[in-house]
Amino acid sequence: MAKDIKQFAHPDYLAHIEAYEKIRDCFKGEDAIKAKGVKYLPKLSGQQQPDYDNYKYRALFFPITGKTCTSMVGMATTKPPKTTYPDLMKPFFIDTEQNYQFTEFYVSIFTEVVLMGRHGVLIDAPETDDMSAQPVPCPYIAENIINWEENEHTGKLTMLLLREMERVKIANDKFGTEIQVRYRHCFIDADGVYKVEELDDELNVVKPAVAPIFSGSTIDYIPFTCYGASGVHMSVDKPPMQDISTINISHYLTSADLEWGRHIVGLPTPVVSGVDSGTQLKIGGTSAWVLPVVEAKAYYLEFLGQGLGSLEKAMTDKVGLMASISARLVDNSTRGSEAAETVRLRYMSESASLIHIIGAVENGTNMMYNMLSKLMKAGGEVTVKFSKEILGVGITFKDLSVMFEAYLNGSISKETLLYNLRRLDAIDPERTDAQELAAMKDPPPQPNPNNKPAATPAPAAP
């Protein structure tokens with residue numbers, strides 16, 4: 001029987017695991033939320049299972065958590081990063097079917113950090129004696145970074161427990177598969193050597209500890225990079241999507257009550273009083289009722305109260321709350337015609353947290369790839385630089401006219417003009433600055449503003 005993770009997980013992990021589950025389910029969407037049943041939508045008092053199934057089916061889950069996350073990641077990764085690296089590491093920075101997918105790698109990091117505020121990458125040594133085989137970066141989502149220890153004096157990571165899940169075939173079943181849980185236990189031994197052992201879900205040793213070999217030698221540190229929303233560290237940051245997912249679930253609960261209420265009271269119910277209950281009455285345009293008692297009455301029972309109106313207002317308020325936490329995809333407000341700069345200023349504070357995340361991912365990615373370069377003995381430094389122009393600068397004819405006029409008048413240099421054109425996406429991104437500068441011509445001489453001939457220079461002294 002698998003051990004309860006609470007027995008061996010880090011306290012900070014346990015403090016966030018419920019939030020991780022909720023955010024992950026909200027990100028996956030309605031099917032994941034409804035599959036959890038009463039975890040997110042409790043039964044009403046006395047509600048039987050058929051009625052609960054109907055109650056849950058009618059509820060609307062608004063997928064704003066997933067849309068907000070993908071929107072922010074899209075803003076952060078619209079422009080590909082600028083990279084420099086030694087030739088030996090080229091396979092890690094190109095996208096082909098046969099090679100490592102660099103774009104997929106950094107987009108997945110952004111997605112996890114925006115969603116959970118935590119993501120890890122362990123550099124795994126090649127399990128072969130072939131010296132040409134290279135180490136590989138292995139990603140771990142927040143839910144699988146189970147436990148860790150750091151040296152209290154140096155801050156160096158000394159122990160790391162990672163969960164891995166693999167789909168394996170079921171014995172004697174041609175098509176059946178199941179999820180197998182394993183733990184990778186990374187640690188620094190008494191001699192200061194990095195070692196790894198594999199444990200099963202009961203923490204029994206499956207593969208004894210070995211010292212991974214990188215470029216022919218062992219190492220004295222755990223090659224793990226932990227990305228956070230605010231920096232590169234093992235401490236646990238608050239997930240950026242936590243507040244939105246909390247309101248998302250609350251909105252789902254209100255939707256369930258509103259839709260159930262509409263279902264119950266939406267159709268008018270015929271009521272007849274003063275008539276024997278055994279009297280057969282039909283409803284329809286060709287049916288006529290003859291009520292034998294003078295005091296008998298027939299009417300429709302219809303809902304006239306304000307209860308559903310309060311639920312509708314609650315849903316609107318919660319959509320507004322989600323919008324106020326940067327979920328602008330649900331902002332239906334109209335502000336008329338706004339200048340581009342006005343929009344930029346209005347969203348500047350909201351984009352600040354995303355800019356911090358871009359900086360954290362950039363720092364972590366540079367640290368990880370430079371660690372990889374060192375382990376490979378690639379002989380060079382790696383730099384990865386992500387664009388922070390997440391709101392888009394935009395360009396108008398007036399902008400171009402003013403810039404070129406300043407250049408032609410000699411007020412700005414070629415380099416300054418090129419810098420601004422590059423920011424405005426007004427030049428070919430495939431061409432380098434050197435190529436653009438070489439192709440640019442010097443500005444023609446400007447006419448004398450007073451329309452007077454230039455003064456003849458004095459003759460040189462003999």
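## Nonpolar cores

The largest nonpolar core, a set of buried Ala, Val, Leu, Ile, Met, Phe, Trp, Tyr and Cys residues joined through side-chain atoms within 4.5 Å, holds 70 residues. Buried here means under 20% relative accessible area, with exposed over 50% and partly exposed in between (1.4 Å probe, protein chains only). M89, F110, I145, L160, F224 and Y369 have the most contacts inside this core. Helix 8 (residues 340-376) gives the most to it, with 10 residues. A second, separate core of 12 residues includes L41, F61, Y252 and A256.

This is a predicted model, where local features need pLDDT of at least 70 and side-chain atom pairs count only at pLDDT 80 or more, while totals for chains, interfaces and linings use all residues. Residues are numbered from 1 along each chain as its sequence is written, and side-chain values use heavy atoms, leaving out hydrogens and water.

## Helix 5

Let's turn to helix 5. Helices (H or I, at least four residues) and strands (E, at least two) are DSSP runs, numbered from the N terminus. Because 11 of its 15 residues are buried, helix 5 is largely enclosed by the rest of the structure; F102, F105 and Y106 are among them. After helix 5 comes G117, with a positive phi near 75°.

## The open sheet

Five strands form an open sheet in the order 4-5-6-7-8, with antiparallel pairing; two strands pair if DSSP finds at least two bridges between them. Strand 4 (145-150) and strand 8 (205-210) are the edges, each pairing on one side only. Strand 5 (residues 157-169) and strand 6 (residues 177-188) pair over 11 bridges in the antiparallel sense.
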